[in-house]
Amino acid sequence: MTSVCELLNTTYPLIQGGMAQIADHRLASAVANAGGLGLIAASIDDKETVREKIRKCKEMTQGSFGVNIMLKSPHADEIADLVIEENIKFVTTGAGNPGKYMNAWKQAGVIVIPVVASVGLAQRMEAAGADAVIGEGQEAGGHIGELTTMTLIPQLVDQLSIPVIAAGGIGDYRGVLAAFALGAKGVQVGTLFLIAEETPIHMNYKNRVLQARDIDTIVTGRISGQAVRVLKNSLAREVVLREKKGLSQEELEELTLGSLKLAVIDGDIDKGSFMAGQIAGLLHEIRPVKAIIESLFLPLEDAIKKLHIQS
Ligand code: TUI
């Protein structure tokens, strides 16, 4: 079986999360240059906006990078074409089922790695030709499923033949070790990159992540079926309150997606939607992407030796 590093053509078995409206060419190229798979998040951008980011990224790195397609985007169809036009080698997808694009991508030689939150979708993706899946637990930030990383990953590993990459709740080498213990062959990390030096978000966003405690995230949209994990603030509390009074899924989506920009660009502490995972409480310093990635993998050999398993 080919390793995840061989599949991704990377030094480390690491994928950067496709963080909507955050992960552009600057973060993607920094991750690629540091030996991981960088991703440009297409988010709700139109085709030409994403094309521009791809072209810039090509100039900034010789390393591996790809595009994350948010399948609820009104532009998802045209982004699916764009990755082929631009000869993109790697695609990850989120928030849906990319089945209708799989044949075209596979024919074009794209390596496709859908993010899944359940075994059922993962099996359909494997049957449709996915090269690997990213299993994302509900510890993650942003749009999430029901299962935790701890429960999802071993179930995926047992039911699939393709490599499983773990996401959700991984914030240091201990999380990486745990993911491998569960049978994952690689990791995807999002929240940890929010506070990377190269990540182009408002300083207020980084500070909110740095100051977060363990219990400072909340899930909005659980009732209406569009669960999104964010840092607690007045918007998040308002959304949960209005949801209890019966807000529609569309209204909720608009409220959270529109306000993501307020967090990322304006750093609006009260009205912004600060998507982040539960591991935010572990994170305390801003570092360059390269230092972050090395701190995930270089301590592993030593940590394995020091593992104390009582039996
Ligand atoms: O997609 C993500 N994380 C995201 S997307 C996003 S932008 C957004 N914001 C507000 C509302 C909606 C989108 C912010 N964060 N992670 C991957 C992920 N995919 N998590 C969960 C899923 C998922 C859930 C259900 C994938 C497929 C699915 O069902 C598909 C089907 O048809 O069976």
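In this predicted model, a good place to begin is strand 7, which pairs with strand 11 (residues 228-231) in the antiparallel sense over two bridges. Within this pairing, His-143 stands opposite Val-228 in strand 11. The two strands belong to an open sheet of three strands, whose order is 7-11-10 and whose pairing is antiparallel. Strand 7 (142-143) and strand 10 (217-220) are the edge strands of this sheet, since each of them pairs on one side only.

From His-143 the reader can move on to the largest pocket. Rolling a probe the size of a water molecule over the atoms shows where empty space is left. The largest pocket holds about 960 Å³ of space, and 49 residues line it, of which Glu-136, Gly-141, Gly-142, His-143 and Ile-144 are the closest to its centre. Strand 7 is one of the elements that supply at least two residues of this lining, and others include strand 3 (65-70), strand 4 (90-94), strand 5 (111-116) and helix 9 (191-194). The largest share, however, comes from helix 12, which gives five residues to the lining. Sorted by class, the lining has 23 nonpolar, 22 polar and four charged residues. Where does the largest pocket lie with respect to domain 1 and domain 2? Because both domain 1 (8-200 + 284-303) and domain 2 (213-275) give residues to its lining, the pocket lies between them.

Charged side chains form the last part of this tour, for the whole structure contains 18 salt bridges. In one of them, the side chains of Glu-86 and Arg-55 meet with a distance of 2.6 Å from N to O. This pair links distant parts of the chain, as Glu-86 sits in the loop between helix 4 (76-85) and strand 4, while Arg-55 belongs to helix 3 (residues 47-60), 31 residues apart. Glu-86 counts as buried because its relative accessible area is 5%, which is under 20%, whereas Arg-55, at 46% relative accessibility, counts as partly exposed.

Two further salt bridges can be set beside this one. Lys-271 and Asp-268 meet through their side chains at 3.8 Å, N to O, and Lys-271 is exposed because its relative accessible area of 53% is over 50%. Glu-285 forms a salt bridge with Arg-287, with their closest N and O atoms 3.9 Å apart; Glu-285 is partly exposed at 47%, and Arg-287 is also partly exposed, at 21% relative accessibility. Elsewhere, salt bridges that share partners join Lys-47, Glu-48, Arg-51, Arg-55, Lys-58, Glu-85 and Glu-86 into one network.

Notes: Residues are numbered from 1 along each chain as its sequence is written. This is a predicted model: local features need pLDDT of at least 70, side-chain atom pairs count only at pLDDT 80 or more; totals for chains, interfaces and linings use all residues. Side-chain values use heavy atoms; hydrogens and water are left out. Two strands pair if DSSP finds at least two bridges between them. Helices (H or I, at least four residues) and strands (E, at least two) are DSSP runs, numbered from the N terminus. On a 1 Å grid over the protein atoms alone, a cavity is a set of points where a 1.4 Å probe fits but cannot get out, and a pocket is an open set with protein on both sides within 12 Å along at least five of seven lines; lining residues have an atom within 4 Å of a point. Grid points are joined across faces, edges and corners, and a volume is the space filled by probe spheres set on the points. Ala, Val, Leu, Ile, Met, Phe, Trp, Tyr, Cys and Pro count as nonpolar, Asp, Glu, Lys and Arg as charged, and the others, Gly among them, as polar. Domain bounds come from an automatic or database domain assignment. A salt bridge is a side-chain nitrogen of Lys or Arg within 4 Å of a carboxyl oxygen of Asp or Glu. Buried means under 20% relative accessible area, exposed over 50%, partly exposed in between (1.4 Å probe, protein chains only).
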